[in-house]
Every structure is written in structure tokens, then in C-alpha cells.
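Let's take a walk through a protein together, going from its greasy middle to its charged pairs. Have the sequence and the 3D view handy, and follow along residue by residue.

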Amino acid sequence: MRDYTVGGPEEKIAEANGLVDADWYKPKVDRELMKKFMARNNSLAAMHIASWLAALGVFGYLAHLSWGTWWAVPAFAVYGVLYGSMSDSRWHETGHRTAFRTKWMNDVVYYIASFMVFREPETWRWSHARHHSDTIIVGRDAEIAGKRNVPFNRYLLELFSFGALPAELKQWTQNAFGKITDNQKEFQPPETFRISKWASRVYLLILITTVVVSWQIRSFEPLLFIGLPSIYGHWLVVVLGFTQHAGLAENTIDHRLNTRTVYMGPLNRWIYWNMNYHVEHHIYPSVPFHQLKNLHEAVKDQLPPPYKSTLSALREVVYALRLQAKDESFFIQRQIPQHAIKQP
């Protein structure tokens, strides 16, 4: 059975096979076109963030107005997705610092979204950097969601963060009291540990304050606005996130074999900030969200065919994960165009 522990025995195998910090495949793209694709835009990013915050405000207000009635259920359901799922894509893009041209704008949104999606920001910044340098390399990548030999029902529990949230809360608590975990020491620079400690303390203080306010007013309503949406609104990011890599090849240095691009409708692309163009994002992570569709059009003839819909990708994911629960050698083999098989 594979040991997915970062820094574990599989890491040495990956190193021996030349999979660590390797030279990954890149399609041919005109240099001037790439310059255009990599341009960041403060105004465009600000408008997208404003639309998200406005939606949160509207549905939060409707949820508050309907508190005590059955209308609160759909209102909080939408608010939860906007809070607990949509924050993930904002966390992701600002973590790359590609959404805004200005660094501090990225960082403000990043720290807010990190709390909302329940992630310690500095640990996840470095974890995600490793995810990009060693994507789905066993023993190196800490963000492999679709592991093999895992019962399928455990993935269903993750729709409500029953695995990730307790683990993250434990790390927040450890960091708050000055303890740095072995996982953090594996990929996070020591000079950033101080940030992890203070971020964890602030995040825990916000949660504790919300609990105290709820207790004082004898109502769960504050917790449904802060904290609990990271659980009840988490399901959509899991659904969309599993389309990225689950069921595909491990230990390859070609993103076309371990990552999917999925065509999605305008609503899902707004929620997901165009991360459905995930092959393109992994090959060129410096390209901001608003240019990923254009990048896709420029390189799609060198990539496997995209999935026609979220549903078609999910069918394959469920099929693969169910088989991998019993057979760790199984994976979906993506078809690369014949003319693009070799490294340019």
C-alpha cells in the first residue's frame, strides 16, 4: 500500500526516479502571447471580489431576516456555499498572488479567505507551492485528495469537512501554543513559523468570540454566519475540487496525465474562478484567473480533450475512486494528442 506521508518512504523512491523538482512538460506558446496572458489586473480582480462579497452580504441579510422560519434553510444554504466553498478559489488565486497586481491586495483577501475555508495561511501557502512543484508525487505532495486504498464513503464524509476540519483545528491549536507540526517542518521555511503561530491565535480568537456571543444571546445564528459555514457550505468545493486530479496518474511529470480541464457553466466558473482550466493552471501557475480561458484556447490542441461538463468528470472520478479503493494500480489514462507526445 502507498504511504502518502510527506517526507515518508515514498519520497526517497520519488527522488531516485527523478520526480522531485523535475522538468515538467510545457506546450508551445508564443512568447508575446504569454506576456499578455500573465498580465494581472487590480480592477478586474476587485470587481470579482466585490461581486462575491455583495452576494455574501445579500444572502447573509436574507438569512438573518428569515431566521426562525423555514426560509432560513435555503438562504443559509446559499450563504454557506458562498462562504465555505467560494472562499476556496479566492484563497487559491490570492495565495498565488496572481489575482491582483498589488501584493498587499492579494494578501488581505488571502488571509480572510484562509479563515473562511479553515486553513492556516502560511502552512497552506507553502504546501500549495509544493503541490505545484511536485504535483501528485507520492511522498512529496501534501494535497493529494484522491488517495488509493481509501473506502469511498470517506470521501462522502469529506463533503462536510469531517476529516480536514478537525485536523486543521488541531494544527491551529498546536500552532497557537507555539508547537510546529512535523508536516509543517517538512515544507515550510522556519522563518514563517511565527506567522503560523499568530495567524492561528487570531483565527481561534475569532471562533471563540463567535461561540461566546452565541452563548450570550442564546442563539446559534452567529455560528451559522462564522465558523459553521466552513462545514455545511464546504460540499461544493469538494465536488469541484475532486475533478482536478482524482483518479488520474500518480508519479508522472506531465500535468496532462494527472490533471483535468473541465468545461463548466458561467455560475460554476464564477464560483470556481476559472480553476476548471486546471491543466493550464498547473502548467502556467503565473497566469491569473481571468486569462485561463484564453490560455486554454491557445494550447488546447496540445492537451488531452477537456471534459464536456462537471457531471461527466464526476462520473469518471466516482468510478475511479471506487475501483482504487480495492485496486491501487488502477488509474484513468488520459490520451495525449499524437503530435504533442514529445517534449517541445
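Start with the largest nonpolar core, which has 50 residues. Keep in mind that you're looking at a predicted model. Which members of this core touch the most other members? They are Leu56, Phe76, Phe115, Trp172, Val287 and Leu295. If you want to know which helix gives the most to this core, look at α4, residues 72-84, with its seven residues.

Now zoom in on one of those names, tryptophan 172. Setting aside its neighbours within four places in sequence, tryptophan 172 is in contact with Phe115, Phe118, Arg119 and Glu120, and also with Ser200, Tyr203, Leu204 and Leu207. Notice that Phe115 shows up here as a contact of tryptophan 172, and Phe115 is also on the list of core members that touch the most others. There's a second core as well, separate and made of nine residues, and it includes Val150, Val237, Val238 and Val317.

Time to switch from nonpolar to charged. How many salt bridges does a search of the whole structure find? The count is 14. A good one to find is arginine 140 with glutamate 11, where the closest N and O atoms are 2.9 Å apart. These two sit 129 residues apart in the chain: glutamate 11 belongs to helix α1 (residues 9-16), while arginine 140 lies in the loop between α7 (121-133) and α8 (152-157).

Are these two partners buried or exposed? Anything under 20% relative accessible area counts as buried, so arginine 140, at 10%, is buried, and so is glutamate 11, at 9%. Arginine 140 has another partner too: its side chain meets that of aspartate 134 in a salt bridge of 2.8 Å, N to O. Aspartate 134 is buried as well, with a relative accessible area of 0%.

Next, hop to glutamate 250 and arginine 148, whose side chains form a salt bridge at 3.5 Å, N to O. This pair also ties together distant parts of the chain, 102 residues apart. Glutamate 250 is in the loop between α14 (235-245) and α15 (255-258), and arginine 148 is in the loop between α7 and α8. Both ends are buried, with glutamate 250 at 11% and arginine 148 at 5%.

Finish with a small web of charges. Through salt bridges that share partners, Arg97, Lys103, Asp107, Glu122 and Arg125 are joined into one network.

Conventions: Residues numbered from 1 in each chain as written. Predicted model: local features only at pLDDT ≥ 70, side-chain atom pairs only at ≥ 80, totals over all residues. Heavy atoms only, no water. Salt bridge = Lys/Arg side-chain N within 4 Å of Asp/Glu carboxyl O. Helix = DSSP H or I, 4+ residues; strand = E, 2+ residues; numbered from the N terminus. Buried < 20%, exposed > 50% of the residue type's maximum accessible area, 1.4 Å probe, protein only. Core = buried A, V, L, I, M, F, W, Y, C linked by side-chain atoms within 4.5 Å. Contact = heavy atoms within 4.5 Å.
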